[in-house]
Amino acid sequence: MSGPGETRIRVSEIFGPTIQGEGILIGLPTVFVRTGGCDYRCSWCDTLHAVDSEYRDQWLPMGVEEIWSEVVTLSGGKPLTVSLSGGNPAIQPLAPLIARGKADGYRFALETQGSIAKDWFADLDVLVLSPKPPSSGMETDWQTFDDCLRMAADGPQVALKIVVFDERDYAYARDTAARYPHLPLYLQPGNHTPPPPDDDDAKVDIDGIIDRMLWLVGKVTEDRWFEARVLPQLHVLLWGNRRGV
Ligand SMILES: C[S@@+](CC[C@H](N)C(=O)[O-])C[C@H]1O[C@@H](n2cnc3c(N)ncnc32)[C@H](O)[C@@H]1O
Ligand SMILES: Nc1nc2[nH]cc(C(=O)O)c2c(=O)[nH]1
Ligand code: SF4
Ligand SMILES: [Mg+2]
């Protein structure tokens, strides 16, 4: 069926329905399409199986119809919000997949660090930009980040989500909020026990996550930062570091 010119998307995994565990859509039933490959390598990345080139042979180049039929099967053919994540999903040619799904009445949310801007961001329903704080070891290119916002103008709802591990990360989050005062911002306590990619049920330090969550709530209330929203990774609280949930 696949012609020579057909779009191929590198897919690490497709799973669901589960609930969106993070940020602006938390609690919403969703199917995940996780693409393989990332231009970043965050020190604490919890999804190395979609980042580290060691796992590249697990990222299958899939056609749009192939991906779509899996999403439709998982959702029982009932339209829902599809979450596009990765890796960095902005690397992949996702426009035809989004068009295909929208034709069936599905909605699309995408998570990216904001390091690659694509004009098809305008076709999304929700764009979550998650710039990386100092503890990640990555540096934010604010020009490209602003390009992402430009691509999304007049299109999707946009939200910021920033992982916070420590005081420096918190200061970065405050600076980012000051830069984009009009955008809803979610703070997410870091999980300092990211799973080894091959381990299905790696232990997770829930106490450490809760401690960091409490510390973050203390920070925003002390600072009277009343626009910030603080949320844990709900799926990690429910299922630990398991893959495919
Ligand atoms: C795995 S990333 C994939 C999408 C994209 N590359 C990005 O970083 O936004 C999805 C979300 O998980 C967050 N994340 C990754 N590792 C984490 C960790 N150890 N603790 C908390 N959040 C983490 C990222 O910051 C991002 O908001
Ligand atoms: N349930 C659930 N919610 C999530 N929100 C962001 C995720 C991600 O890994 O991108 C994720 C995930 O892997 N599972
Ligand atoms: S940008 Fe996202 S997927 Fe890439 S290494 Fe960082 S957290 Fe992991
Ligand atoms: Mg995750």
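## Exercises on a predicted model

Leaving aside neighbours within four places in sequence, Ile19 is in contact with Gly27, Leu28, Pro29, Thr30 and Leu234. The model is predicted.

**Exercise 1.** Place Ile19 in its strand and decide whether Ile19 is buried, partly exposed or exposed.

*Solution.*
- Step 1: Find the element. Ile19 belongs to strand 1, residues 8–19.
- Step 2: Count the neighbours. Ile19 has 15 C-beta neighbours inside 10 Å.
- Step 3: Apply the cut-offs. Buried needs 20 or more, and exposed means 12 or fewer. Ile19 is therefore partly exposed.
- Step 4: Check the record. An unreviewed UniProt entry lists Ile19 under "binding site", along with Gln20, Gly21, Arg34 and Ser85.

**Exercise 2.** Do the same for Gly21, then list its contacts beyond four places in sequence.

*Solution.*
- Step 1: Gly21 sits in the loop between strand 1 and strand 2 (29–35).
- Step 2: Gly21 has 22 other C-beta atoms within 10 Å, so Gly21 is buried.
- Step 3: Beyond four places in sequence, the contacts of Gly21 are Ile26, Gln233, Leu234, His235 and Val236.

**Exercise 3.** Work out how strand 1 and strand 2 pair, and where they sit in the sheet.

*Solution.*
- Step 1: Recall the rule. Strands of a sheet pair through backbone hydrogen bonds, either parallel or antiparallel.
- Step 2: Strand 1 and strand 2 are antiparallel, over 6 bridges. Thr18 has Thr30 of strand 2 as its bridge partner.
- Step 3: Read the strand order. The sheet is open, has 9 strands and runs 3-1-2-4-5-6-7-8-9, with mixed pairing.
- Step 4: Find the edges. They are strand 3 (60–63) and strand 9 (228–230), each pairing on one side only. From one strand to the next, the twist averages 30 degrees.
- Step 5: Add the helix. Helix 4 (residues 167–179) lies across strand 7, strand 8 (185–189) and strand 9, at about 160 degrees to strand 7.

**Exercise 4.** Describe the shell around ligand 1.

*Solution.*
- Step 1: The shell holds 19 residues, and the closest are Trp44, Asp46, Thr47, Ser130 and Asn191.
- Step 2: Strand 5 and strand 7 (157–164) are the elements that give two or more residues.
- Step 3: Sort by type. The shell has 5 nonpolar, 11 polar and 3 charged residues.

**Exercise 5.** Locate Asp123 and classify its exposure.

*Solution.*
- Step 1: Asp123 is in the loop between strand 5 (107–112) and strand 6 (126–129).
- Step 2: Asp123 has 18 other C-beta atoms within 10 Å, so Asp123 is partly exposed.
- Step 3: Not counting residues up to four places away, Asp123 touches Ala95, Ile98, Ala99 and Gly155.

How values were computed: Residues are numbered from 1 along each chain as its sequence is written. Chains are lettered from A and ligands numbered from 1 in the order in which they are written. This is a predicted model: local features need pLDDT of at least 70, side-chain atom pairs count only at pLDDT 80 or more; totals for chains, interfaces and linings use all residues. UniProt positions are given in the numbering used here, feature names are shortened, and annotations may be inferred rather than shown by experiment. Helices (H or I, at least four residues) and strands (E, at least two) are DSSP runs, numbered from the N terminus. Two residues are in contact if their C-beta atoms, placed from the backbone, lie within 7 Å. A residue is near a molecule or strand if its C-beta atom, placed from the backbone, lies within 6 Å of it. Ala, Val, Leu, Ile, Met, Phe, Trp, Tyr, Cys and Pro count as nonpolar, Asp, Glu, Lys and Arg as charged, and the others, Gly among them, as polar. Two strands pair if DSSP finds at least two bridges between them. Axes are lines fitted to C-alpha atoms, for helices over the stretch in contact, and angles run from 0 to 180 degrees between N-to-C directions.
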